[in-house]
Amino acid sequence: LVQKTGTGVTSSSAVALTSTLDVSGAASFTGGLNPGVKLLVAGAGNTVTAADSGKVIVFNVAGATLCKLPAPALGMQFTFVTKITATGDHEIQALTNDHGFLGGVTVTSTTAAKADYFPAAANGQDDFITMTGGTSGGVAGSVVRITGISDTSGAGCWLVEGQLGAVGATVVTPFATS
């Protein structure tokens, strides 16, 4: 049931749109609408799609979690956030070995006065980011932003930036080729 009241439209039940919706003025949504977040589950079956671009992708469990990126496209963007400190590897993987990362992240220990900036390989061949919850990041609150900078199969398709919390007397790179 959709009703028009004054200059607005209200609904007392679900509304399905099957065509283009044009909105002018302010739009307000309540009642649990949250299209900007995707929660990951433990295991290797997580993927993000082109339709997830712009979303915050949440490592929602402590256990090992692998998430594969889609084929890159210019401007596609994902923000990965660790909600619970990793006890198993939290991994972000490019779709293929030909879709590597450029850029880098800062890894800072929460238990020792250690921090360092780690760049992905300059040749763009690194296609994995692994946060262990220890020396390579993955403490709750760690953030990695990934942006598509090329839509061709070739090294360096994704730009990476982020701040990772780590634990321990040393910090190490989260980037690898496998």
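I146 touches L69, M76, Q77, F78, F80, I92, F101, I129, W158, L159 and V160, leaving out residues up to four places away in sequence. This is a predicted model, and I146 is a good place to enter it.

**The core**

The largest nonpolar core holds 27 residues. I146 is among the members that touch the most others, together with L69, F80, I92, F101, V144 and W158. Six strands, β5 (56-59), β7 (77-82), β9, β11 (128-131), β12 (143-148) and β13, each supply at least two residues of this core. Which strand gives the largest share? Strand β13 does, with four residues. In soluble globular proteins, nonpolar side chains tend to be buried together.

**Overall make-up**

The protein has 14 strands and zero helices. Its pattern along the sequence is therefore β-β-β-β-β-β-β-β-β-β-β-β-β-β, with strands taken as DSSP runs of at least two residues. Of the 178 residues, 38% are buried. Among contacts with a separation of 6 or more, 63% join residues 24 or more positions apart.

**Strand pairings**

Strand β9 (residues 101-109) has partners in β13 (residues 158-166) and in β10 (residues 115-119). The β9 and β10 pair forms a hairpin, with five residues between the two strands. Three pairings are set out below.

| Strands | Sense | Bridges | Opposed residues |
|---|---|---|---|
| β9 and β13 | parallel | nine | G104 and E161 |
| β9 and β10 | antiparallel | five | T106 and Y117 |
| β11 and β14 | antiparallel | two | I129 and F175 |

The β11 and β14 pairing belongs to an open sheet of five strands. Their order is β4-β6-β8-β11-β14, and the pairing is mixed. The edges are β4 (43-47) and β14 (175-176), each of which pairs on one side only. I129, opposite F175 in β14, is also one of the residues that I146 touches.

**S109 in β9**

S109 lies in strand β9. Is S109 buried or exposed? Its relative accessible area is 8%, under the 20% cut-off, so S109 counts as buried. A polar atom of the S109 side chain lies 3.1 Å from the backbone nitrogen of T111. Beyond its neighbours within four places in sequence, S109 is in contact with K114, A166, V167, G168 and V171.

**Cysteines**

C67 is buried, at a relative accessible area of 0%. C157 is buried too, with 0% relative accessibility. How many disulfides does the model contain? The count is zero, with a sulfur-to-sulfur limit of 2.5 Å.

**Confidence**

The mean pLDDT of the protein is 86, and 80% of the residues score at least 70. Among the elements, β11 has the highest mean pLDDT, 98. Strand β1 (residues 2-5) has the lowest, 50. Over residues 28-34 the pLDDT is below 50. That stretch has zero contacts in the model beyond near neighbours in sequence. Where pLDDT is low, the predicted coordinates should not be read in detail.

Conventions. Residues numbered from 1 in each chain as written. Heavy atoms only, no water. Pairing = 2+ DSSP bridges. Buried < 20%, exposed > 50% of the residue type's maximum accessible area, 1.4 Å probe, protein only. Polar contact = N/O pair within 3.5 Å; in protein donor to acceptor, adjacent residues only side chain to side chain. Contact = heavy atoms within 4.5 Å. Core = buried A, V, L, I, M, F, W, Y, C linked by side-chain atoms within 4.5 Å. pLDDT = per-residue confidence, 0-100.
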